[in-house]
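Open the model in your viewer and keep the selection box handy. We will stop at a few places, and at each one you can select residues and see what surrounds them.

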Amino acid sequence: MGGLFSAGTNSYLVIMIWSVLFVLFVARFLRKIKEKKVVGSRIYKLPPGRRGWPIVGDSFEWYNAVASSHPPQFVEQQIKRFGKIFSCSLFGKRCVVSADPSFNRFVMQNEGKLFQSSYPKSFKDLVGKNGVITVHGEQQRKLHSIASNMMRLDKLLKINLLDDIQMVITQALSNYPTNQPLLLQDLCRKLAIHLMVNQLLGISSELEINEMAQCFSDFVDGCLSVPINLPGCAYHTAMKDEQDSLRRSKSVGEEMLTWHDYKAMPFTQCVIDETLRLGGIAIWLLREAKEDVEYQDYVIPKGCFVVPFLSAVHLDENVYNEALAFSPWRWMDSENQEKRNWRSSLYFAPFGGGARFCPGAELARLQIALFLHYFVTTYR
């Protein structure tokens, strides 16, 4: 009797195991079918990936990573499993994330054609539905063209912008006590606001600038910071030598830097590029497919979110040797010269690309260079 019961139990267990395996197989098969899509006479599928938790998907892990000191952390983990183009579940629906330079360029260059920018409702409410960041189509092209035309350096230099920027910088630095620690991130945030409101609104009141700086901080805390030049570090010494040589070259009474001086800052430009590579504001972009998009063996269905993760490329050890190290000298190597062209490089896109390329890119670089000059030559 015991032997028969044991045999029956074993048979029951075998049947249960095979039933579970069959259910898992069917579920996996149906999932694959669901993620495949027919285009013409061929069958395509989404890039490989995972679904994450029900409803929330991978959103918690995503936000924890992008808010950390190493934003590409989540992306790097998925790359190890699925490759540089993978799918996951973000913001309530399927999403294709890319750390592939070619695909990132493909997405940015097809802005308004195959893809369009997409932002959460909260973001649209804050920046306005008619802002250059949030609008699409012809309206976006017109606003972007106006902004680009306004911020052309050749026009701005004609209105003494170079002197105005330097006056704002020196005034801001003079307001800080000597022999006291300086919170550089706070200074940079306030200085950025000061430069904007001075040029756009003609405001120079310290009280009004402080109020606007606080609003800016509340809106996007920590979005602007410049690495500190620590005394004793090699790049601090190199920058100081370059900036001091500029200072010595000025005639008596000639304090303001000129356009020629700005162009004579090769190492400062390397510092700016390296800062943007490691900690640029455009870490990742959010786009939405306007139609079914074919790319290689995949199809990205209409309405699917697409995230070109630019920072993952900037911090890729296969692209940059010791990618996590702050090394401005890397940009002086001949092998990195082609990568360095931030207007066209596949591997360096701190200002985005395509129709939404940052119209203030050149102006931002000019302001950073001038700030670094006065900061390095003023503080020890």
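Begin with the largest cavity, which holds about 60 Å³ of space in this predicted model. To find it, select Pro101, Asn104, Arg105, Met108, Leu310, Val313, His314, Ser345, Leu346, Tyr347, Phe348 and Ala349, the residues that line this cavity. Which helix gives the largest share of that lining? Helix α4 does, with four residues. Both α4 (101-109) and α14 supply at least two lining residues each. Colour the lining by residue type and you will find eight nonpolar residues, three polar and one charged.

The structure has three cavities of 30 Å³ or more, and the second largest is our next stop, at about 50 Å³. Its lining is made up of Arg105, Met108, Gln109, Trp342, Arg343, Ser345, Phe348, Ala349, Gly352, Gly353 and Gly354. Here the split is four nonpolar, five polar and two charged.

Now select residues 85-90, strand β3, where six of six residues are buried. Side chains in a regular strand alternate between the two faces of the sheet. On β3, Ile85, Ser87 and Ser89 sit on one side and Phe86, Cys88 and Leu90 on the other, and both sets are buried. Add strand β4 (residues 93-98), and you will see an antiparallel pairing with β3 over six bridges. Look for Cys88, whose bridge partner in β4 is Cys95. Two residues separate the strands of this hairpin, and Phe91 there takes a positive phi near 55°.

Next, go to Arg330, in the loop between α14 (310-314) and α15 (337-340). Is this arginine buried or exposed? Its relative accessibility is 7%, so Arg330 counts as buried. Show the side chain and look for two polar partners: the side chain of Glu274, in polar contact at 3.0 Å, and the backbone oxygen of Glu322, 3.1 Å from a polar atom of the Arg330 side chain. Beyond four places in sequence, Arg330 touches Glu274, Arg277, Tyr320, Asn321, Glu322, Ala323, Ala325 and Asn336.

For the last stop, select Ala65 in helix α2 (residues 59-66). Ala65 counts as buried because its relative accessibility is 4%. Leaving out neighbours within four places in sequence, select His70, Pro71, Gln73 and Phe74 to see what Ala65 contacts. Then draw a distance from the C-alpha of Ala65 to that of Val75, 10 residues apart along the chain: your viewer should give 8.6 Å.

Note on methods:
Residues are numbered from 1 along each chain as its sequence is written. This is a predicted model: local features need pLDDT of at least 70, side-chain atom pairs count only at pLDDT 80 or more; totals for chains, interfaces and linings use all residues. Side-chain values use heavy atoms; hydrogens and water are left out. Buried means under 20% relative accessible area, exposed over 50%, partly exposed in between (1.4 Å probe, protein chains only). Contact means heavy atoms within 4.5 Å. A polar contact is a pair of N or O atoms within 3.5 Å; within protein, one must be able to donate a hydrogen and the other to accept it, and residues adjacent in sequence count only if both atoms are side-chain atoms. Two strands pair if DSSP finds at least two bridges between them. On a 1 Å grid over the protein atoms alone, a cavity is a set of points where a 1.4 Å probe fits but cannot get out, and a pocket is an open set with protein on both sides within 12 Å along at least five of seven lines; lining residues have an atom within 4 Å of a point. Grid points are joined across faces, edges and corners, and a volume is the space filled by probe spheres set on the points. Ala, Val, Leu, Ile, Met, Phe, Trp, Tyr, Cys and Pro count as nonpolar, Asp, Glu, Lys and Arg as charged, and the others, Gly among them, as polar.
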